[in-house]
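Work through the exercises below with the sequence and the coordinates open beside you. Each task is followed by a solution that goes step by step.

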Amino acid sequence: MPLSLNEIRTRAFNFINEWKDETNEDAEAKSFWDQFFQIFGISRRRIATFEEAVAREGRGKGFIDLLWKGTLLIEHKSRGKDLERAFTQAKDYFPGLKDHELPRYIIVCDFYNFRIYDLDEGTDKSFTLDKLVDNLDLFDFLSGYKRHIFKDQAPINIKAAEQMGKLHDALKEIGYSGHQLELYLVRLLFCLFADDTNIFEKGVFYELLDSRTAEDGSDLAQWIAQLFEVLNTPQENRLKNLDESLAAFPYVNGKLFEEQLRMAAFDSKMRKILLDCCALDWSSISPAIFGSLFQSVMDEKARRNLGAHYTSEKNILKLIKPLFLDELYEEFNKVKTNARQLDAFHTKLSTLRFLDPACGCGNFLIIAYRELRLLEIEVIKAKFKNQMATNIDAYINVNVDQFYGIEYEEFPAQIAQVAMWLIDHQMNIKVSEAFGEYFVRLPLRKSATIAHGNALRIDWQSLIKEEGVYYNYILGNPPFVGKHLQNAVQKDDMELIFSGVKNAGVLDYVAAWYLLAAKYMANINSDCSTAFVSTNSVAQGEQVGILWGELFSQQHVKIQFAHQTFKWSNEARGNAGVHVVIVGFALKERANKFIFTYEDPASEPNAIPAKNINPYLVEGKDLIVISRKQPICNVPSINYGSMANDGGHLILSEEERVEMEKNDPASKAFIRPFLGSHEFINNVQRWCLWLKDVLPSELKKSNATLKRISMVKDYRLKSTRAATRKLADFPFLFGEIRQPETNYLLIPGVSSENRKYIPIGFLSKDVIASDLARTVPNASLFSFGVLTSVMHMAWVKYVCGRLESRFRYSNNIVYNNFPWPENPSEKQKEAVEKAAQEVLDARAQFPNASLADLYDPNTMPPALVKAHQALDKAVDLCYRSQPFPNETKRIEYLFELYDKYTAGLFTEEKKTKKKKTTT
């Protein structure tokens, strides 16, 4: 067991005094290093050997002064000798060492001068013997007090996961698979971590594998099986004649080694992989990151993109800080000078309960636990007023059993269980560093509760066994599964959770966690708060009205904080990113509410105070934008374009049009331009056979047209949908015809979120709009001006649904609910119309450019930029005389206007529904 820091310092002083006058390498070097290791309470004989023989290229055999395989090589000289040359000599031994034997550290020394090289970090530090006490931190790999720096990503995590992946493949190849393989790897993970962090005596696991097992690996599985049994056996119950290599291991408990596993089998290659794993510095592993990486080793496809899907600590903190951590620190700062209040606060920390009902490998639980432990350390420091504490274990009250999780897959659930012990030990080391007294929890008497099962079918409260104890915080990152990607089980889950909720079939899978969390908080009537990371669909489009309508009206939730859309990503290879929001909510009000805004999805957030946060994650009343068939303002109606439902036989590419007109000139009379979103924006030529109101006698003049009509008929007759088969009676017509009779304004149904404006434009009635476009017949220049302004775009960004991250323009949600300017004057309208025409004129200066080119943020012509800026200003003045300082203020204003416009509509709609019901 590691010594306290105070004891290590005392031993270092004694060592300095004893060796300050020594000069002779041959006579005393071995004693010097034996006693040096004793400073840290380590028996050199257990981990390192003197005079290790090693072959040197072209120079015969050499002898390393001291070698701790995989960790440290020491080259010792008589006092005053050249240490630079000694370092070169040390490096010369490397070619003769196996990969797993290569050290991370090299020390060269002449009794008085020390020089330590960290080959991984590329550092080189020198000091003299009399300064040893001041440089003890350089030997943290010996002391067990290694300082951990938590980063989003570290190469050691990737390397470790890749090595475990190799071992996984090798074991699976010999037929060791399934649950037993998963648990076997989880146990090895624990042993590797324990070997480098003083849960075990340092290096005993590596020593067992390296020195007691045969090089061909034939007996390795037997030794590992014995080790697992020993780790599950209390000291007093072990055999009296147990091999000393096994007796050195502590009793672990925690049920990790309880289950009996069948014995695996190893060969020399597999043994080398495991020894290579041992050579890594597992004390530097981040349990939060490594859990997800480790899970991915089970899937070869996922492993090729290793690290792409883990949840970074930085992003997790975006959730846990406003959920609970900021408030706890605020409370701590208020009470830290009052002993009685500080004691009460400390007790409170030990009673908090946390649940992640979709915990995966436990990332959120791990970071939440880590931060709670760090806060507790600050509490204890305040109690002792930064004096050194004794009997520190009496003051550590926060423990892993305050944390609960539910996970659908068994393997990540096992990883989460072990990872919580790993982070617990890392935090125990932090305690040891802070107070100078070694602190460890062995055997493992408490553990996090991680349930394996479907969180939507498990009673969340059932995980807590104590009567009258409830969760204080529910948090996590539930699955991102859209309505079209849900499997049969997930659809059944949604039907169960949203039974009786109208139109719930369109909701994403994550919505179920929102409703269950709200119901849990309502049932226990406590101060529980919840925060989830979710796809931004929960705050956009038609899902808002359905989900939040239920949460507001039935569960009475209040949004306490929110992160607007940002990119959930990391810095690993194959960087994966998805656009998400974070929503924190509860049944109680909160005095300090914040909205975290982003200039763009990849930027850093800005915290904006808010009085109330609506479900679109902006400040405003708790209103929802419902689906409407008619506009709330007196403006032209919008419609979808026409849908062919033809198997592609009425649609022509440019090449097909040219060929058809060449071979059958009569067909030219029926061919019309055909545009959807993509064709309109990118200037792609596409055509269709538009045969509405065409006389049969005219059709018969074109054999090519008749042939295509016949193919449409066959396609529709073969359909499994009755409605489509019925359309076979009219094979010359589009399945759904909604083409305007007049010229019209076209709005793309899908458009890139990267453009400042959705490109819209006027088209002739002879240009057929596909069902992927939206049409506004009889639209004026004023309509065009308002719809292509930043005011309308603010509404689009917050209200419309998304296809991936692209805008999906909706008639019933976006257009019909848009609050147009209230009673603009004729002068204001004329200003908008004039500016709108200037935008069209600026476009016309580039007749060969597509709208995609013109509206690309990087290539938008200056003339068009200036025209839009003038238009934006003219539209703004139709709303109010004061300028809008930013987009947030625009959308807040629009929601206020929407609330004003719809206040009477809700009453009228209710009356209409009631009248229809009575009739």
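**Exercise 1.** In this predicted model, determine which strands helix 4 lies across, and at about what angle helix 4 runs to strand 4.

*Solution.* Begin with helix 4, which spans residues 83-92, and list the strands that it lies across: strand 1, strand 3 (72-76), strand 4 (105-109) and strand 5 (113-118). Then compare directions, which shows that helix 4 runs at about 140° to strand 4.

**Exercise 2.** Describe the open sheet of 6 strands, and explain why strand 1 and strand 6 each have one side without a neighbour in the sheet.

*Solution.* Step one is the order, which reads 1-2-3-4-5-6, with mixed pairing. Step two concerns the edges: strand 1 (49-56) and strand 6 (123-128) each have a single partner strand, so one side of each is left without a neighbour in the sheet. Step three is the twist, since neighbouring strands here are turned against each other by 30° on average, direction ignored. Step four looks at one pairing in detail: strand 1 and strand 2 (residues 60-68) run antiparallel and are joined by 7 bridges, and Thr49 has Leu67 of strand 2 opposite it.

**Exercise 3.** Characterise the aromatic pair formed by Phe114 and Phe127, and decide whether Phe114 is buried or exposed.

*Solution.* The model contains 57 aromatic pairs by the rule applied here. In the pair of Phe114 and Phe127, the ring centres lie 5.0 Å apart and the planes differ by 5°; planes under 30 degrees apart count as stacked, and this pair is therefore stacked. The pair links distant parts of the chain, with Phe114 in strand 5 and Phe127 in strand 6, 13 residues apart. For accessibility, the cut-off for buried is under 20% relative accessible area; Phe114 has 2% and is therefore buried, and Phe127, with 6%, is buried as well.

**Exercise 4.** Identify the buried residues of helix 8 and find what covers them.

*Solution.* Within helix 8 (residues 204-212), the buried residues are Val204, Phe205, Tyr206, Leu208, Leu209 and Asp210. Their cover includes helix 3 (44-47), helix 7 (178-196), helix 9 (220-231), helix 10 (244-247) and helix 11 (268-279).

**Exercise 5.** Trace the open sheet of 9 strands, and then work out which helices pack on it.

*Solution.* First write down the order, 9-8-7-10-11-13-12-14-15, in which the pairing is mixed. At the edges stand strand 9 (449-452) and strand 15 (606-610), and each has a single partner strand, so one side of each is left without a neighbour in the sheet. On average, neighbouring strands of this sheet are turned by 20° against each other, direction ignored.

Next, follow the pairings through the sheet. Strand 10 (residues 473-476) and strand 11 (residues 529-535) run parallel and are joined by 4 bridges, with Phe532 as the bridge partner of Gly476. Helix 14 (residues 313-335) packs on the sheet and touches strand 7 (354-356), strand 10, strand 11, strand 12 (558-568), strand 13 (578-586) and strand 14 (593-597), its direction making about 170° with that of strand 12. Helix 19 also packs on the sheet, where it touches strand 10, strand 11 and strand 13, and its direction makes about 175° with that of strand 11.

Finally, turn to strand 13, in which 7 of 9 residues are buried. Strand 13 runs antiparallel to strand 11, to which 7 bridges join it, and the bridge partner of Ser534 is Val581. Strand 13 also runs antiparallel to strand 12, here with 8 bridges, and Val583 stands opposite Ala562.

**Exercise 6.** How many residues does the largest nonpolar core have, and which helix gives the most to it?

*Solution.* The largest nonpolar core has 124 residues, and those with the most contacts inside it are Trp460, Tyr471, Phe498, Tyr514, Trp548, Trp795 and Tyr879. Helix 19 (residues 511-524) gives the most to this core, with 11 residues. A second, separate core of 57 residues includes Leu208, Trp223, Leu231 and Leu246.

**Exercise 7.** Establish the surroundings of Thr902 in helix 32.

*Solution.* Thr902 lies in helix 32, which covers residues 887-918, and Thr902 counts as buried because its relative accessibility is 0%. A polar atom of the Thr902 side chain lies 2.7 Å from the backbone oxygen of Tyr898. Not counting residues up to four places away in sequence, Thr902 touches Arg628 and Ile632.

Conventions. Residues numbered from 1 in each chain as written. Predicted model: local features only at pLDDT ≥ 70, side-chain atom pairs only at ≥ 80, totals over all residues. Heavy atoms only, no water. Buried < 20%, exposed > 50% of the residue type's maximum accessible area, 1.4 Å probe, protein only. Helix = DSSP H or I, 4+ residues; strand = E, 2+ residues; numbered from the N terminus. Contact = heavy atoms within 4.5 Å. Pairing = 2+ DSSP bridges. Axes fitted to C-alpha atoms, helices over the stretch in contact; angles between N-to-C directions. Polar contact = N/O pair within 3.5 Å; in protein donor to acceptor, adjacent residues only side chain to side chain. Core = buried A, V, L, I, M, F, W, Y, C linked by side-chain atoms within 4.5 Å. Phe/Tyr/Trp six-rings, centres within 6.5 Å; stacked < 30°, edge-to-face > 60°.
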